[in-house]
Each structure stands twice: as C-alpha cells, then as structure tokens.
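I opened my notebook for a fresh model today. Here is what I looked up, in the order I went through it.

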Amino acid sequence: MKKIKYLTFAFGIVLSVSILTSFLVKESGFYFVYPDGNVKALIMSYDDGTVDDIKLIRLFDENNIVGTFNLNSGFLGTTQVWPQKNGDTLVYKYLPEDSLTSVYKNHEIAAHSSTHKDFKNLKDEDILQEVETDIAALSKLTKRKIRSMAYPFGNSNQHIAKLISKTGLTNARTVGDTYTFNLPDTFLLWRPTCHDSKALGLLDKYLSLNNNTLSVFLVWGHSWEFKDEKRWKEISNFCKQIGHRKDIWYVGCGEFIDYQLALNALITKNNSIVNPKGNKEVWFKQDGILKVLKPGESIKVKMNQI
Ligand SMILES: [Zn+2]
C-alpha cells in the first residue's frame, strides 16, 4: 500500500519539496543538495545486458560516470534473434551469468523483466511473474538488492505501475522522453530526459544550468546501438564532456530515488524541518555552507511566506 501511495501522491510531494525549497532560498539562502553538495545529477540507464555493455562501461569508468544496467536474466548467456519492424534482424549476444559482478562492478544492476515481453500484451499475473523472476535471478547471481527497472520496450501505464509497486522496486523507467531536467513526478513511471542520440544536443544546456534547484539529466539507450561508429563517437564525446565534473553527482537510479524518498520523508512544522528517525541523512546548503541533517535532527529555517 505504501508504494501505491508513493505512486499516487509522488507528484504532489515532489512539487511541495520544490516550492518549499524555492521559498527557503529566497528567505534564508537555504536549499537542499545531493549528498556530494551538488544540485545536478547524471544517470545513464542502459537496457538488455548484451556483451556490448563491456565497451560502454569502459567509457563510463574512464569518465567517472555511473550507469544503471537493466538486464533480462532469462537471456543471460544466450544469443537471441530479434526481427525488426523495418525487416532487419538483430542478433544479440547476452552476457554470461557469472560475469555480472565483474562487468557491473562500479554500476547498478537492475531488472528489465526475465524475457523482454511487452507488458501491454500480458495478464497481470504474467507481468508480475516476468518481473519477480528477474529480480530473484539477478539478486541470487549478484547478491545485491535490486531496486530499479526499465520497462521492456518502455511500455507501461498507471495500472502496470501499480502492479510493479508490489515487487519492492522503488523506480521503473519508461521511454517517454521529457527533454527536461526535472525531478521525476512518479518514480514507477519515470520519464527520462532523452534517448542518448539526443543527449549531445542537450549537453550545453545542462552544463550551463546555474541555479539552486535539484535537477537530473537521465539518459537511456542500448549499448548494442553503438556498433554504429557515428553513434559511438557521439556518446564518447558526450561522456568526455559531462564526466569528471565537480558540479555533477554521478549516480544510479536506485541510489538517486533512495535520496528522493529521504527528502520526501522530511516533515516541516513550526518553522522547522524535521528529519524523522529511521530516515536517511539529507544534505543542504545554508548561506553557501554544506551541512547534513541526520535522522532524528531538525533545523530552524525562516518560512514566513509558507
Ligand atoms: Zn530492452
């Protein structure tokens, strides 16, 4: 039930946090930041888990970039043939099961359903079966908690998102590009900024963004698309320019949403912001100084206009 509430009310909560922040900035130079003190974040979300991920991960690692990799556990170690709408046939070679922890050492491993069926054509129990089987297999293979997912073919809707809220996942990504850097309004129907083929076109806009509002540049794609040399040059260029920066938090979807949930759990009352016991640490800047608000602590702020 708690997850369904997140889904239903996430928009209102995110909105209230951002309104609160904008008032506070004006009143007292106070604003929330990510754990590294920044207000900008980059997430690279890549689907399917083919062997082409290895080359992309080398590029990410060279540029200090973190990826979330959404895997079809039912295909690990196999080769699959995928007919395309335009008549082409794509052949994908999937990573072997025993390679995951070394290939994705510095990156998040996430679900993408067991066998990549279109959820819009499945019964509810079959959707849950596809997702829960994937989560169980990936957890067993990697000994990690699986928190994130990308929908196969990007296809989802409110009903499917409610089903997914039963699985323990905190976030699930669609392919409904927003071309903005806004925080997600619903975590289980997370709309990304853009496909990687459009990322270079938005790069300067994000690098030059200069305000005190939390934002995220969420890029999605498939490493198997980079067999095209032009596309590989473009993603290499993008990573070189956006990587290794002091003003960007490089993070995976799961860790990013954990932090959003921590911010959403804050309570405001009597000119104070309270971080409830059991919540995570949250970070803020006040008059330019980076500070932490630990669980169980509160801070006085001017909120005359609220
Ligand atoms: Zn896929």
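In which helix is the place of Leu-207? I checked, and Leu-207 belongs to helix α6. A reminder to myself before going on: this is a predicted model.

**Entry 1: Leu-207.** I asked next how Leu-207 sits, buried or exposed. I found 15 other C-beta atoms within 10 Å, so Leu-207 counts as partly exposed; buried would take 20 or more. I then looked at Leu-207 together with Ile-242: their C-alpha atoms are 7.6 Å apart in space, and the two residues are 35 apart in sequence.

**Entry 2: α6 and α7.** Ile-242 led me to the helix pair. I noted that helix α6 covers residues 199-208 and helix α7 covers residues 229-242. Their axes come within 10 Å and cross at roughly 15°. An angle under 35 degrees counts as roughly parallel, so α6 runs roughly parallel to α7. I also wrote down that the crossing of α6 and α7 is left-handed. On the α6 side, I listed Ala-199, Leu-200 and Leu-203 as making the contact. On the α7 side, I listed Glu-234, Asn-237, Phe-238, Gln-241 and Ile-242. Sorting the residues of this contact, I got five nonpolar, two polar and one charged.

**Entry 3: Tyr-250.** I moved on to strand β11, residues 248-250, where Tyr-250 is found. Tyr-250 has 21 C-beta neighbours inside 10 Å, and because 20 or more are needed, it counts as buried. Setting aside neighbours within four places in sequence, I found Tyr-250 in contact with Leu-42, Asn-64, Ile-65 and Val-66. I also paired Tyr-250 with Met-44: they are 206 residues apart along the chain, with their C-alpha atoms separated by 8.9 Å.

**Entry 4: the nonpolar core.** Leu-42 turned up again here. The largest nonpolar core has 68 residues, and those touching the most other members are Ala-41, Leu-42, Ile-43, Met-149 and Ala-172. In soluble globular proteins, nonpolar side chains tend to be buried together. I followed up Met-149, leaving aside neighbours within four places in sequence. Its contacts are Asn-70, Ala-110, Ala-111, His-112, Val-131, Ile-164, Leu-169 and Ala-172.

**Entry 5: the whole chain.** Finally I stepped back. I counted eight helices and 16 strands in the protein chain. Of its 306 residues, 37% count as buried. Among contacts between residues at least 6 apart in sequence, 66% join residues at least 24 apart.

Methods:
Residues numbered from 1 in each chain as written. Predicted model: local features only at pLDDT ≥ 70, side-chain atom pairs only at ≥ 80, totals over all residues. Axes fitted to C-alpha atoms, helices over the stretch in contact; angles between N-to-C directions. Helix = DSSP H or I, 4+ residues; strand = E, 2+ residues; numbered from the N terminus. Parallel < 35°, antiparallel > 145°, perpendicular 65-115°, else oblique. Left-handed = near helix turned anticlockwise from the far one by under 90°. Contact = placed C-beta atoms within 7 Å. Nonpolar A, V, L, I, M, F, W, Y, C, P; charged D, E, K, R; others polar. Buried ≥ 20, exposed ≤ 12 C-beta atoms within 10 Å, placed from the backbone. Core = buried A, V, L, I, M, F, W, Y, C linked by C-beta atoms within 7 Å.
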